[in-house]
Amino acid sequence: MPELPEVETVVRDLRPCLTGCRIQSVTVSGKPLRRPWSPEWQTQLVGRHVRHVRRRGKWIVVELDRERFLVVHLGMSGQLTVVPAAEAIADHTHIVLNLSRNRTQLRFRDIRRFGSATLFEGRAVLERFFSDSDLGPEPWDLDTATWRQRLAATERCLKAVLLDQRIVAGVGNIYADESLFEARLHPERLARDLTPAEARRLRKAIVTVLERAIDKRGSSIRDYVGGSGLKGQYQQEFRVYRRTGEPCVNCRTPIERICLAGRSTHFCPDCQGSEPEASAPGKRSR
DNA sequence: ACAGGATCCTGGGGGC
DNA sequence: TGCCCCCAGGATCCTG
């Protein structure tokens, strides 16, 4: 669930609560997460100070002293929050760090356990992790030439390309659909078929939609909360996502839902043009 | 190289 | 109430 805007919100919430804190002690649930947690990390974390908290794609990076990096992925249902230690510990809480400041704790809770927390030793190891996973650029760092070249180099449809973290980092199912609506592009269009103007429009739409969502603290459909436990509000602004059958905000045509790249995909069949086969030359819709 | 499906999990919602 | 099925913001692995 958490995509770039949700992860960015968590990071912005956590930063003032964590920066400068000392980790006093660590407890874990022992339940397996997406990536295995090594027991020795508990002792390595104790006594470390938090230098900085940042985001890379959908990854949260908690930078510690002595070049240690706690890297968290929220998966589908992960929550990373700072709360008073006195607050009851909810079910499915897997990692608790006791912090030096104001009797607070950093808690990682993940109902479905598709998320992960990993400790990296050394900046080079962290960098290698991101380069090995081939994580693409942040949407606003995507330069025109690279973007056009990546689109031209694939046979895949736009929806599949937007979900590919190697091409652009941070976009997930919600913001892929919302960006394609913003750009007025059909999710089944082949990436390689985009004109330069369309490619530019899509890149701009991604940034616009993500910035709007960050302003609203992301989207809370179910489990997502920010680093302070507050929900997001962007779900109230969805124009296509989860609006199947409801009228398009532009043209009142009912929003359609199909399955693409294994994910439910929502679009306006009128505003977002027709499928490639149907758009005969010389007979362009709109 | 890619689509499609299955997989890792838990829980909410709808239909009956 | 309960049961069963479908669905879910992600990523990865396998097969064809």
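How many C-beta neighbours inside 10 Å does R184 have, and is R184 buried or partly exposed? Figure 5 has the answer; the legends below walk through this predicted model one view at a time.

**Figure 1. Chain A as a whole.** Welcome to the predicted model, in which chain A holds seven helices and 10 strands. Its radius of gyration is 21 Å, close to the 19 Å that the globule rule gives for 286 residues, so chain A is as compact as a globular protein of that length. Along the principal axes, the C-alpha atoms fill a box of roughly 70 × 40 × 30 Å. Buried residues make up 41% of the 286 in chain A. If you are curious about contact order, take the contacts between residues at least 6 apart in sequence: 65% of them join residues at least 24 apart.

**Figure 2. Helix α4 against helix α7.** Here we look at α4 (residues 144–152) packing with α7 (residues 196–215) at an angle of about 110°, the two axes lying 10 Å apart. That angle makes α4 roughly perpendicular to α7. The crossing is right-handed. On the α4 side you will find T144, W147, R148 and L151, which meet P196, A199, R200 and R203 of α7. Sorted by class, the residues of this contact are four nonpolar, one polar and three charged.

**Figure 3. Helix α1 against helix α7.** In this view the partner of α7 is α1 (residues 4–18), and the axes come within 9 Å, crossing at roughly 40°. With that angle, α1 is oblique to α7. The handedness of the crossing is right-handed. L4, P5, E8 and T9 are the α1 residues to pick out, and they meet L210, A213 and I214 in α7. The contact has five nonpolar residues, one polar and one charged.

**Figure 4. Helix α6 against helix α7.** Now α6 takes its turn: its axis and that of α7 come within 8 Å and cross at roughly 125°. The two helices are therefore oblique to each other. Their crossing is right-handed. From α6, the contact draws on Y175, E178, S179 and E182, while α7 supplies L202, A205, I206, T208, V209, L210 and A213. These residues divide into seven nonpolar, two polar and two charged. L210 and A213 of α7 may look familiar, since they also meet α1.

**Figure 5. R184, in the loop between α6 and α7.** Back to the opening question: R184 has 17 C-beta neighbours inside 10 Å and so counts as partly exposed. The residue sits in the loop that runs between α6 (173–182) and α7. Its backbone is worth a look too, because most residues other than glycine have a negative phi. R184 has a positive phi, near 60°.

**Figure 6. R242, in the loop between α7 and β9.** Another arginine with a positive phi, near 60°, is R242. You can find R242 in the loop between α7 and β9 (256–260). With 16 C-beta neighbours inside 10 Å, R242 counts as partly exposed.

**Figure 7. Helix α3 and the residue D134.** The last close-up turns to α3 (residues 123–132), where the number of buried residues is one of 10, so the helix lies largely in the open. Just after α3 comes D134, which takes a positive phi of about 65°.

Definitions and conventions
Residues numbered from 1 in each chain as written. Chains lettered and ligands numbered in written order. Predicted model: local features only at pLDDT ≥ 70, side-chain atom pairs only at ≥ 80, totals over all residues. Helix = DSSP H or I, 4+ residues; strand = E, 2+ residues; numbered from the N terminus. Rg over C-alpha atoms; globule rule 2.2 N^0.38 Å. Buried ≥ 20, exposed ≤ 12 C-beta atoms within 10 Å, placed from the backbone. Contact = placed C-beta atoms within 7 Å. Axes fitted to C-alpha atoms, helices over the stretch in contact; angles between N-to-C directions. Parallel < 35°, antiparallel > 145°, perpendicular 65-115°, else oblique. Left-handed = near helix turned anticlockwise from the far one by under 90°. Nonpolar A, V, L, I, M, F, W, Y, C, P; charged D, E, K, R; others polar.
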